[in-house]
Amino acid sequence: MVQQIHTLTADGVGLTVVVPGGGRLPRIVHWGADPGPGVPDAAYGLSALPLLPVQHEGWAGRPALSGDRDGRWQHVRLRLSEDVVLTDTTMVVRAHDEEAGVAVESTVELTPQGVVRMRHTLTNNGPGVWSVAGLRCLLPVPDNAVEKLDMTGRWSLERAPQRGVFGFGSHVRENRRGRTGHDSTLLLSVGTQGFSHRAGQVWSAHVGWSGNHEHTAERMPDSVAALGGGELLEPGEVRLAPGETYRTPTVYFAHSGEGLDGIRDRMHRLIRARANHPRTPRPVVLNTWEAVYFQHDLEKLKELADTAARVGVERFVLDDGWFRHRRHDRAGLGDWFVDETVWPNGLEPLVKHVHGLGMQFGLWFEPEMVNPDSDLFRAHPDWVLAMPGRLPAEFRNQHVLDVSNPDAYAYLLARITELVSSLGIDYIKWDHNRDIHEATSVHRQTLAVYELLRELKARFPALEIESCSSGGARVDLGILEHTDRVWTSDTNDPIDRQQIQLWTGLLLPPELLGAHVGPTRTHITKRVTNLHMRCATALFGHAGMETDLTELDGGEEELGLLTEWVALYKAKRALLHSGRVVVPDLADPSAVVHGIVSHDSTHALFSYAQITSTPANTPLRPDPFRLRLPGLDPDRSYRVEVVFGPHGGGHVPAAFDLADARWTGRALATIGLPLPRLNPADALVLELVA
Ligand code: DGJ
């Protein structure tokens with residue numbers, strides 16, 4: 001076959017491949033803006049990235065494929081097994097190395113939202129075991145991608161952006177935590193000089209996997225730069241017997257010509273198009289954790305449920321503490337039977353009460369974990385995920401169960417099934433409160449957990465599941481194939497939450513981000529904030545509350561404001577959970593603005609939060625200032641109104657009576673909306689109607 005050049009296109013994105021002929025694998029010439037028809041059949045192959053770059057292809061970076069057969073065949077030379085299958089939006093490549101006994105099938109798909117989805121499947125066709133060391137999905141990025149951006153974080157402070165120069169060498173973000181991690185990369189992005197929320201070209205990759213994984217951005221002097229990632233495999237973790245296969249996680253690639261907002265838009269549209277995306281209005285949640293912790297008492301919880309129903313809550317979630325021996329976090333994990341000492345009549349009376357109030361009932365589990373002080377551990381110490389005879393160190397007094405052990409799997413499936421069906425549970429908060437250490441195989445564990453979730457969903461199609469992992473340590477598109485929401489962070493401090501939600505929102509749309517209003521004094525940071533700030537923050541997610549509503553500092557007055565806010569959330573959630581997310585580039589580093597614009601541009605909500613005081617050593621005008629609001633239709637005119645906050649009422653002075661004026665989208669984006677600068681730790685919500 002002679003050289004063939006072909007471009008996959010969708011939604012303004014192009015992926016141009018050259019099939020060099022002579023049995024050689026395709027090379028990727030271009031990934032980015034659609035180059036249009038008529039890409040000349042030039043010698044692009046020389047400056048393109050092989051589909052699976054390895055040493056044989058002249059690639060000096062981390063090989064896309066590595067492994068060995070008993071110390072031999074570490075370097076594989078793949079040749080096409082059949083013609084490359086190319087359509088307008090897909091490429092399927094089947095290749096093999098006869099001598100090494102390895103075959104690989106690669107699928108590259110450009111979705112209608114312009115996101116590239118890639119995965120490889122490797123089969124051992126030779127005699128004996130082939131050990132997979134790594135199999136990565138990579139795409140080329142051009143030489144004007146000179147800056148990089150990814151996330152780090154820690155417990156209760158997830159998704160902190162870090163920025164740097166994308167120079168020569170390998171930028172590798174490895175995760176060996178056995179779960180996605182509080183410090184997960186989320187997306188590894190590279191972009192043109194100074195790319196921002198609204199400007200510049202950006203190329204981003206996300207590995208959809210909840211076990212160990214890696215994201216890489218590599219620039220070698222003699223090749224095009226490559227972006228991507230895959231699962232991180234420990235030595236000997238995947239040993240394929242003859243005929244066995246290993247499949248990589250799906251790696252997602254998004255390109256934007258309009259800054260990070262373009263990445264948000266593509267990823268959100270892709271996620272919303274999934275068959276399993278939650279399509280019912282996202283119910284207002286009351287979670288009991290920070291309201292009562294382990295102090296479970298039927299009468300108290302009924303009173304809490306009554307108050308919750310009064311303010312408009314639609315889903316009541318009973319958190320940790322309901323099962324045998326769980327009077328504190330040192331015992332009980334694994335004993336998934338209702339604790340008879342605390343709940344002499346079982347959970348039925350509470351569930352009935354909650355359902356009777358018209359609310360859904362949710363229950364907390366941490367299925368993958370076990371406390372040494374539990375009946376389960378005493379009966380089955382061998383179910384722990386560990387090397388023979390060597391327990392890993394405890395963390396939060398717990399070990400990890402080997403869910404790939406068929407007996408452990410069957411036990412979990414049976415217990416959860418029994419509780420869900422007998423109680424009529426509508427929702428599970430599925431927690432995972434520790435990293436996995438010294439595991440025999442995180443790979444097998446991750447697949448087993450996915451399978452358990454899949455099987456439960458198959459048994460209970462209406463059951464919703466939240467992915468929680470000591471807050472936001474399991475936020476990825478692998479777990480979201482089986483779950484309906486993430487617990488974004490354990491902190492309910494709105495000051496920290498503004499950033500956490502903003503950056504988690506780079507991947508996930510707001511309806512998947514659990515966001516709760518906590519108490520006046522936040523439990524984790526001890527910071528005192530006003531209720532408007534807390535409510536305005538939680539409004540831009542899947543909203544709820546997590547505090548003892550029966551004992552609010554502000555009593556009835558606070559309940560009144562919460563009721564107003566719940567009504568606002570219910571009235572606006574159709575927009576909040578379907579619109580395009582817009583994040584303006586702000587001159588003031590101490591302010592955060594979240595925007596959501598309907599797809600027909602007729603309706604929008606923006607929140608403006610002042611986190612700290614505007615720095616005095618900047619040329620920023622403190623008060624009044626102009627808030628430039630991009631992302632609206634330039635030619636439409638909008639009525640603007642403050643629909644919530646700021647704190648203290650009477651708030652926005654008459655001189656700013658916004659409702660009297662009309663602004664065009666163009667004027668809002670260029671001149672900006674005149675607003676008084678808010679006090680630190682305050683927020684307001686603007687509604688714009690065309
Ligand atoms: C960690 C979670 O993130 C919290 O919300 C809570 O469910 C606790 N675990 C319970 O142990």
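**Group meeting: the core and the ligand site**

Okay, let's start with Trp322. Not counting neighbours within four places in sequence, Trp322 touches His296, Trp336, Phe337, Val338, Asp339, Trp343, Leu347, Leu363, Trp364, Phe365 and Leu419. Keep in mind that this is a predicted model.

So where does Trp322 sit? It belongs to the largest nonpolar core, which has 180 residues, and Trp322, Met545 and Trp565 are the ones with the most contacts inside that core. There's another core apart from that one, with 23 residues, including Ala604, Leu658, Trp663 and Leu678. As general background, nonpolar side chains in soluble globular proteins tend to be buried together.

Now the ligand. Which residues come nearest to it? There are 13 residues around the ligand, and the nearest are Asp319, Asp320, Lys429, Asp431 and Asp490. By type, the shell has six charged residues, four nonpolar and three polar.

Let me walk through some polar contacts. Lys429 puts a polar side-chain atom 2.7 Å from a ligand oxygen. Trp364, which you just heard about as a contact of Trp322, has a side-chain N or O atom 3.1 Å from an oxygen of the ligand. With Gly471 it's the backbone: an N or O atom there lies 3.0 Å from a ligand oxygen. And the protein covers 98% of the 290 Å² of accessible area that the ligand has on its own.

Last thing, cysteines. How many disulfides does a search of the whole structure find? Zero. Cys468 is buried, at 1% relative accessible area, and Cys535 is buried too, at 0%.

That's my tour, thanks.

How values were computed: Residues are numbered from 1 along each chain as its sequence is written. This is a predicted model: local features need pLDDT of at least 70, side-chain atom pairs count only at pLDDT 80 or more; totals for chains, interfaces and linings use all residues. Side-chain values use heavy atoms; hydrogens and water are left out. A residue is near a molecule or strand if one of its heavy atoms lies within 4 Å of it. A polar contact is a pair of N or O atoms within 3.5 Å; within protein, one must be able to donate a hydrogen and the other to accept it, and residues adjacent in sequence count only if both atoms are side-chain atoms. Accessible areas come from the Shrake-Rupley method with a 1.4 Å probe; for residues, only the protein chains shown count as cover. Ala, Val, Leu, Ile, Met, Phe, Trp, Tyr, Cys and Pro count as nonpolar, Asp, Glu, Lys and Arg as charged, and the others, Gly among them, as polar. A disulfide is a pair of cysteine sulfur atoms within 2.5 Å. Buried means under 20% relative accessible area, exposed over 50%, partly exposed in between (1.4 Å probe, protein chains only). A nonpolar core is a set of buried Ala, Val, Leu, Ile, Met, Phe, Trp, Tyr and Cys residues joined through side-chain atoms within 4.5 Å. Contact means heavy atoms within 4.5 Å.
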